[in-house]
Structures are given as C-alpha cells and as structure tokens.
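Reader: I am new to this structure. Please take me through the place where the two chains meet, and then show me what lies around it.

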Amino acid sequence: MVRRRVDASPGGVVNLSSHPDVRNTGVPRVLSGRGLWLAAAVALLAGCASAARVEVASQFPTPLVEPLPVRAAVYYEDALRQFAHSETIPQHSQWEFELGQASLSLFRPLFGALFQQVETLERAPQPGEIPHVDLIIAPRLERFEFDIPRHRDSRFAEVWMQYRLFVYAPDGTPIAEWPVTGYGKSAASGTLPRAALHDAAVRAMREAGATISVRFASQPDVRNWLQENRHAPHAAQNGDG
Amino acid sequence: MPLMRPRMATARLTPSRRPHPVTAAGAKPAAASTMGGTLRALSLLAVLAAAILATGCSTAQIEQLKHSRTGIASGERVVILARQHHSTHEAELDFVECVGNALSRGANGLEIASHSDFVNGLYPWFEPAIAPLNPEELPALLARPGVAERLAETGVRYVVWMDGMTERVDGGGSLSCAAGPGGAGCFGLAWWETDARYEAAVWDLKHVDQAGLISADVTGRSVIPAVIVPLPFISRPQANACRGLAQQLQEFLVVEDQLTR
C-alpha cells in the first residue's frame with residue numbers, strides 16, 4: 001500500500017457575519033439564486049476533496065490473565081500517542097486514521113493486568129534512572145494498512161497493523177524486541193465504509209492486545225530473562241499459549 | 001461418538017409464499033388501465049403465475065446432531081458467538097442477533113447473554129485468534145487462572161458458535177425501464193438465487209463437551225417480473241434460516257430427553 005501524508009483542508013467554515021451582503025435579518029444574500037448553486041457546487045467539491053476521517057476510539061477490556069511477578073515501567077513515545085495514518089485509494093477515496101489515543105486505551109489496561117506493578121513514564125528514561133523496576137517497555141505502532149471493498153465480490157473492510165514492543169532492563173540493556181500483528185475485518189456497506197473500518201481497526205487492536213497478553217512471557221528472549229531473573233510464571237499462567 | 005442418530009428435519013416451502021399484498025393489489029388495475037387489451041392482461045397474468053411458481057422454489061433444510069443430553073436450568077444462560085477466524089466469511093452480526101432474539105422469545109424462551117459482555121469479560125480468550133476451535137481445547141481454557149470463575153459469574157452454560165453466511169449464488173434475466181413524456185414503465189424478468197447456510201455448534205460448559213450441531217441451509221429464489229409495473233417477489237432465506245435454526249436450537253437446548261440409541 002502506498003502511504004502518503006495528506007494535509008486536509010479546513011472544513012469549509014466561512015464567517016459571513018462581516019460580509020456586506022449579510023443584512024440584519026441574518027440571511028446572507030449571497031445564498032440566493034445563482035449564489036445558491038455556486039455554494040452547493042463549492043460544498044460538493046470541498047466534500048470530494050476532503051478525506052474521510054476515522055478516529056479510532058474504543059474502550060478495551062482488561063485481559064483476564066495472571067500478572068507476571070514483575071515491576072514494569074512503560075514509556076509511550078509521542079509517535080505512538082499521536083499516531084495518524086493518511087492514505088489515498090487511487091480513483092476512489094482518501095482516508096485519515098487517528099489511532100494514538102486508542103493505542104493508549106489498549107495498552108494501559110493490558111500492561112496493568114500483565115505485570116504485578118506498572119508505572120507510566122512521562123519521558124524516555126536515562127539508563128539507570130529508574131532502578132526500582134525490573135523492565136522498561138516501549139511500544140511502537142510501526143505499520144498500519146487497510147483496505148475497503150472495491151469489487152462486487154468483496155464484502156469486508158480490513159485493517160492490518162503491527163506494533164513492536166521494545167523491552168529493556170533498567171540500565172538500558174535491550175532484552176527483547178517483539179513485533180506483534182493484529183488483523184481485523186468487518187462487513188462493509190456503502191462507498192465510504194467508515195464504520196466498518198473503525199470496527200476493523202478496533203478488532204485488529206484487540207487481536208494485537210490478545211496476542212501480547214497471552215504470549216508475552218513465552219517470547220524466547222523474555223522467557224530467558226524471566227528464568228534468569230527468577231520471575232518465571234507459574235504453570236498454566238499466560239505465556240504458554 | 002454421537003449418542004444419537006442425526007435427526008433431519010427437512011422442510012420444503014412449496015408455493016406458500018404469497019405475493020406482497022400491496023404490489024399484487026396495485027399491479028392488476030395499473031396493468032389493465034394502461035394496457036387495456038385482453039392479450040396484454042393475459043400475458044401479465046402468465047408472468048404473475050410464473051413468478052409465483054418460481055418463488056415457490058424455496059427450500060429449507062435443517063439438520064440436528066445431538067452428542068449429549070442437554071437441558072437448561074433456571075439461571076443458566078446461552079451466548080451466541082460468531083466464528084470470525086475465516087478470511088472469506090463470517091456469520092453476519094444481524095443474523096446472530098436475529099437468532100438470539102428468536103431464542104429468547106416464546107414459551108421456551110431462553111436467557112441470552114450479551115455477546116460483547118461475554119467476550120469482553122473473558123478477554124482475550126474468546127478473540128478470533130485465541131478462541132478454542134474445538135471442544136477438546138475447553139479443559140485447557142477452563143484451567144487458566146480466573147477463567148472458570150469468570151464463566152461462572154456470567155451464568156453461561158451453553159456457547160453457540162455460529163458459522164456460515166448468506167450469499168447470492170446465481171441470477172439472470174433482464175429488466176429494463178424507460179420513462180418518457182407519455183409515462184414510464186418496465187419490461188422483462190430478473191431473478192436471483194440466494195443461499196443462507198449456517199451451522200451452530202453447541203458447547204456445554206457444564207459438561208465441558210460439544211452437545212451437538214445444528215445446521216440450516218435455506219435457498220430462495222427472488223423474481224421481479226415487469227410488464228409496465230415491476231412486481232418484486234423477494235425471498236428471504238436468511239430470515240427463514242434464522243427462524244428455523246432458532247426453533248431447532250430452542251428444542252435442542254430445552255428438551256432433555258431427545259437422545260435415542
């Protein structure tokens with residue numbers, strides 16, 4: 001998929017209060033006769049030019065997993081907090097996604113359930129700055145792709161995304177780096193399936209969250225670290241999935 | 001091994017489908033007044049008869065396979081979940097809701113748990129990528145910390161996994177309409193065939209086993225004949241599949257003594 005950042009034009013708001021044609025009645029004279037047609041045409045063109053916006057907003061559930069006996073600190077970098085994706089589907093439509101807040105809504109309860117103790121860092125820590133934790137985690141959303149039904153036989157809007165979890169020791173030593181993917185699809189209708197794309201994005205995020213909560217402890221580097229540091233999870237705990 | 005022979009309930013819906021009262025009532029006077037000729041009125045009647053016969057070619061097949069005794073006590077609930085792990089299809093949300101609504105109605109109405117409450121409360125264990133695909137995986141799931149307790153809190157005894165889809169499988173004919181200063185009208189015949197095919201796998205969380213399977217396959221042919229006025233005879237196989245499946249599911253879950261050896 002082609003990624004392109006598009007600066008959307010502001011939403012066509014015109015202040016008519018100072019216009020000479022606006023009389024005391026409050027009815028602008030410009031909106032009569034030919035002007036009405038002109039305004040309609042401009043509005044139509046503006047509508048065609050602006051991108052369809054999907055602001056992913058959802059409350060994600062807290063995973064039902066036994067917490068690992070680990071004290072963790074999580075740093076959400078600005079790129080994750082403000083993640084946006086713009087893309088134009090040639091000869092079809094233009095889309096803008098905002099996933100920053102949704103990612104935070106996904107990770108906060110997730111890490112809260114996954115570790116015995118969690119704190120959120122406001123800035124990137126210096127090596128050795130927070131020695132009272134066992135792990136530092138920095139998630140990143142590094143890929144986002146989507147598709148909408150464009151053929152008669154296709155019925156689903158689809159979203160695919162990839163987070164990457166960076167896991168460090170408090171002294172800054174890298175422990176693990178784990179790409180986690182999520183996929184979601186949702187039945188779409190209409191030419192601009194905004195709701196279906198939103199639903200598909202939420203599903204993809206839920207899948208990524210599910211994978212992290214079930215398989216974090218079984219990642220080879222994480223598992224080795226847990227064993228070496230005697231934080232190994234109990235039997236039947238998360239990590240054996 | 002199934003304890004019961006498959007019980008097949010096949011229903012053929014012969015010309016019981018009535019034409020829509022509004023369109024049928026409105027069509028004849030319109031045709032008569034516009035065409036005026038006996039020949040054309042006869043051709044209209046012929047098309048109507050063909051359409052009614054064609055819409056009668058709608059079949060429903062409901063099959064049930066029961067593996068273990070069922071029955072449901074007061075306070076026990078049912079949740080219906082759509083299988084979402086296929087890349088090409090998944091049971092439509094409105095179909096799942098339709099079956100849930102139908103199950104909760106009537107003298108034997110069942111208590112249906114909210115799909116989203118259930119899946120959220122047990123997150124991540126019923127997400128498409130993680131959810132158990134067969135009942136053999138249930139014991140491992142229930143052994144996970146907190147899962148059995150959370151399931152008990154939900155009051156859900158039966159999980160019904162809904163799989164399948166409704167799709168248009170065939171179609172043909174042609175219908176053209178035109179409008180002019182003297183009026184407007186359509187002529188021709190268009191038809192299409194829709195297949196609603198679903199399977200419900202019933203898991204009994206109390207006995208940690210699959211209680212059985214119910215499948216519904218409903219095919220319906222829709223026809224739009226038009227002589228000046230188009231007359232749509234639309235079959236609704238998905239609605240029929242919903243009704244049939246819900247009725248069978250209700251019997252399956254409520255009636256305890258269905259096992260035969």
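Author: The contact between the chains comes first, then chain A, then some single residues of both chains.

This is a predicted model. Start with the contact itself. Chain B brings 26 residues to it, and chain A brings 23 residues. Together the two chains bury about 1,900 Å². Carbon and sulfur atoms hold 51% of that buried area.

Now look at the charged pairs. Four salt bridges are counted between chain B and chain A. One of them can be found by name. Arg206(A) pairs with Glu127(B) in a salt bridge. Their closest N and O atoms are 2.7 Å apart. Polar contacts are counted as well. Across the interface, 10 residue pairs are in polar contact, with both residues at pLDDT 80 or more.

Which parts of chain B face chain A? Helix H4 (115–121), helix H6 (147–154) and strand S4 (156–180) of chain B each supply at least two residues of that side. The residues on this side of chain B are mixed in kind. There are 11 nonpolar, nine polar and six charged ones.

Turn to chain A as a whole. Chain A holds five helices and eight strands. Read from the N terminus, the order is α-β-β-α-β-β-α-β-β-β-β-α-α. The chain has 241 residues, and 44% of them are buried. Take the contacts in chain A with a separation of 6 or more: residues 24 or more positions apart make 71% of them. Chain A exposes about 13,100 Å², with 51% of that supplied by carbon and sulfur atoms.

One residue shows such a long reach in sequence. Ile212(A) sits in helix H4 (residues 194–215) of chain A. Its relative accessibility is 0%, so Ile212(A) counts as buried. What does Ile212(A) touch, leaving out residues up to four places away in sequence? The list is Phe107(A), Leu110(A), Phe111(A), Leu114(A), Leu165(A), Trp178(A) and Val180(A). Take Leu114(A) from that list. Ile212(A) and Leu114(A) are 98 residues apart in sequence. In space, their C-alpha atoms are 8.8 Å apart.

Chain B has a buried residue to look at too. Gln64(B) belongs to strand S2 (residues 58–66) of chain B. With a relative accessible area of 1%, Gln64(B) is buried. The side chain of Gln64(B) still has a polar partner: it makes a polar contact with the side chain of Gln248(B), at 2.8 Å.

Last come some backbone details in chain B. Most peptide bonds are trans, and most residues other than glycine have a negative phi. Three places in chain B can be read against that background.

Go first to Tyr123(B) and Pro124(B). A cis peptide bond joins them, with omega at about 5 degrees. Pro124(B) lies in the loop between H4 and helix H5 (138–143) of chain B.

Next is Val208(B). This residue is not a glycine, yet its phi is positive, near 50 degrees. Val208(B) is placed in the loop between strand S5 (183–204) and strand S6 (209–230) of chain B. A relative accessible area of 29% makes Val208(B) partly exposed.

Then find Ile228(B). This residue also is not a glycine, and its phi is positive, about 70 degrees. Ile228(B) lies within strand S6 of chain B. Is Ile228(B) buried or partly exposed? Its relative accessible area is 25%, so Ile228(B) is partly exposed.

Terms used:
Residues are numbered from 1 along each chain as its sequence is written. Chains are lettered from A and ligands numbered from 1 in the order in which they are written. Side-chain values use heavy atoms; hydrogens and water are left out. Contact means heavy atoms within 4.5 Å. Buried area is the accessible area (1.4 Å probe) that two parts lose on being put together, summed over both. A salt bridge is a side-chain nitrogen of Lys or Arg within 4 Å of a carboxyl oxygen of Asp or Glu. A polar contact is a pair of N or O atoms within 3.5 Å; within protein, one must be able to donate a hydrogen and the other to accept it, and residues adjacent in sequence count only if both atoms are side-chain atoms. Helices (H or I, at least four residues) and strands (E, at least two) are DSSP runs, numbered from the N terminus. Ala, Val, Leu, Ile, Met, Phe, Trp, Tyr, Cys and Pro count as nonpolar, Asp, Glu, Lys and Arg as charged, and the others, Gly among them, as polar. Buried means under 20% relative accessible area, exposed over 50%, partly exposed in between (1.4 Å probe, protein chains only). Accessible areas come from the Shrake-Rupley method with a 1.4 Å probe; for residues, only the protein chains shown count as cover.
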